[in-house]
Amino acid sequence: MKKRLLHPMLLGGLFALFATACSKKEEGPVALDPETEARIAAFRAEVQNYYETKVALPPAVFEDLESGKVTQEEIDARTAAGEFPKLFTFATLDDLPDDLVWANGSELPEIGSPKATKGGTAYGAIQDFPRTLRTVGPDANGSFRRYLLDDVVMLLAHPHPDTNEIGPEGEKYFPGLAKEWAIDKENSTVYVRLEPEARFSDGEPITADDYLFCFFFFQSSYLKAPWYKNFYNRFYENVTKYDDYTISVKVSVNKPDLTKYVFESVRPIPEHFYGELGDDFPERYQWRFAPTTSPYILKEEDIKKGDSLTFTRLEDWWAKDRRNFRYRFNYDRIHIRVVRDIAKSFEMFKKGELDAASLTLSEYWYEKLPDDDPLVEGGYIKKATFYNQRPRPPYGLWINTSKPLLDDLNIRLGIQYATNWDLVIEKYFRGDYERLDHTAVGYGVFSNPEVKARPYSIEKAAEHFAKAGYAERGPDGILVNDKGQRLSFSVSTGYQSFKDALTIIKEEAEKAGIEFRLRIMDGTAGFKLAVEKQHDIHFMAWGYSPEMYPRYWETFHSVNAYNPDGSVKVQTNNLNVFRNSDMDRMIEQYRASNDVDEMIALAHRMEQLLHDEAIFVPGFVIPFYRIGYWRWREYPENFDVMKSESSGQWAMGWINVEARMETLKARDRGQTFEKSIKYYDQHKSK
């Protein structure tokens, strides 16, 4: 049996390729200093050893290791005794099962509009410059990541965004990097034939080796990314390479959405780029743009730190004429400026310096760009509301239970009743939004219909605060205990656009005797504060991908709250620093289950427990997005796909280059166009 552990380029041309920090080919070998050569040689040996020796721990054993019930030394001894199977198998095409049924999603409707044209530069803005170009590791999970990963990379296969249909093998997928696939549901294994034409953005072929390297990469401690290390150790039992373009992946738990664990999570990582991977990964790769499966690249000269970033579309992108991709990713360039002041950014939009602006906030839809605004009346700027269907981002207050007083259930219950989101929705959001009830809304039968957000009640808030020792009001109206300590907490956020909404929350809370000290930060700083667990109470929402059922391990398992030594664990999604043994047991049972009914029951019980513990104050649900855009930007007839969270997520729009100049000249001359305010409610919940 032929066994090839590493990409041939890694074995043959390794030293030449790793000499550059950029994702571009070199004309020839580049001489490296002895230290770099030694580092790369050590890395190569480490990867080879990993492929030969890595074992797949059963989920229960891995959970015991994570929780400290067993030690690494014990695991090493059991591994040496041959108790656990190897993670990697190297086979031949003759070893493939004979009864596989191959599929490729060709029966699904194509997305995108045939009217779309390529060309032009899209102009957008972000509030703060990203802290890194990495998509994993410290500071990598911020909002800018969508430009680098979430919204742009090609996966093995993509869930079709215009259907909620769930078949016996999970969601419906159309191919990306996979040419076709076969599913052995009984053995929780997915077989994939890779698209041989697929290339990274630096021109290197994408082969089976890049998928094997995915596991080395994400299981590595070098990344300083505990979620990835847990996920890629916990959920995969075997990876088999049959040839350069055929693999299979066996998932350790036969979940209802088995295919998601392969198509969306097992992705090619360019091993030829990471030859210097080591303990200094966060710093060494901080500003290196890695070869990507996206049609867009970020050139070194287009990174203006603190000012702007400009992405360039690859003209020779291998998938540019492929179904489901040919009518998307239409802009030649995407220029993103840093504009820290939201008001300035909106004025730039109205001047035509930015192509579009979110109008989802009522203030922007009704006041800053009303229907009778001259730019709207004249048809220069169009307005659109698009109703979508997807898991709802849980906007609300995340309470840090590791902070003084916030570990008291009665304080947290009092905060629930002292927070008047209903008034915010009625007055600030003009009644357009809905009250969020809990952290997992939008998952169909997996969402608990019995759990409801607590209403604003000064009386009930006072009752719980009194039980915690805060029964008397000070001269400023804020409750104090018998030591004279005021009931006061910091409420932070990285969402500057919600400042006025939080001001209402602050004013209403004062009526209930609690002070919320608002701390409005830029997006990057706010998110860093939260994941470093430095907040008291933080207002934000996680952006959830469309999934069959909600996840709980990332945000609510104690392994993501505290380290084994009892210190608070940072750089995780457990913003509540929540530790509850009953919750841990249910999460572990939920993660291990392949029974839909059991998972539904557990999801309902977990949501009830979170409600009872009052660690999250549900805010609001936005059942749509609203956008204003200049008439030179165009969209498909139905505007967007059902599961889209924003007009740019699925890259459906395009620029009419001629219309840009025409529109700006017409505005200056007073010439007008047809007014356009449209509501796309084909996916609105009835």
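User: In which sense do S12 and strand S13 pair?

Analyst: In this predicted model, strand S13 covers residues 308-313 and is joined to S12 over five bridges. Within this pair, Ile297 stands opposite Thr312 in S13. The sense in which S12 and S13 pair is antiparallel.

User: Which strands are the edge strands of the open sheet in the order S3-S14-S13-S12?

Analyst: Four strands form this open sheet, and their pairing is mixed. Neighbouring strands are turned against each other by 20° on average, with direction ignored. An edge strand pairs on one side only, and this holds for strand S3 (121-126) and strand S12 (296-304).

User: How are helix H4 and helix H8 oriented to each other, roughly parallel or roughly antiparallel?

Analyst: The axes of H4 (residues 59-67) and H8 (residues 226-234) come within 10 Å and cross at roughly 155°. Since angles over 145 degrees count as roughly antiparallel, H4 is, relative to H8, roughly antiparallel.

User: Which residues in H8 do Pro59, Phe62, Glu63 and Glu66 in H4 meet?

Analyst: By class, the contact of H4 with H8 comprises two nonpolar, two polar and four charged residues. On the H4 side stand Pro59, Phe62, Glu63 and Glu66, and the residues they meet in H8 are Lys229, Asn230, Asn233 and Arg234.

User: What is the radius of gyration of the protein chain, which has 22 helices and 28 strands?

Analyst: The globule rule gives 26 Å for 686 residues, and the value for this chain is close to that, so the chain is as compact as a globular protein of that length. Of these residues, 59% count as buried. The radius of gyration is 26 Å.

How values were computed: Residues numbered from 1 in each chain as written. Predicted model: local features only at pLDDT ≥ 70, side-chain atom pairs only at ≥ 80, totals over all residues. Heavy atoms only, no water. Axes fitted to C-alpha atoms, helices over the stretch in contact; angles between N-to-C directions. Helix = DSSP H or I, 4+ residues; strand = E, 2+ residues; numbered from the N terminus. Parallel < 35°, antiparallel > 145°, perpendicular 65-115°, else oblique. Contact = heavy atoms within 4.5 Å. Nonpolar A, V, L, I, M, F, W, Y, C, P; charged D, E, K, R; others polar. Pairing = 2+ DSSP bridges. Rg over C-alpha atoms; globule rule 2.2 N^0.38 Å. Buried < 20%, exposed > 50% of the residue type's maximum accessible area, 1.4 Å probe, protein only.
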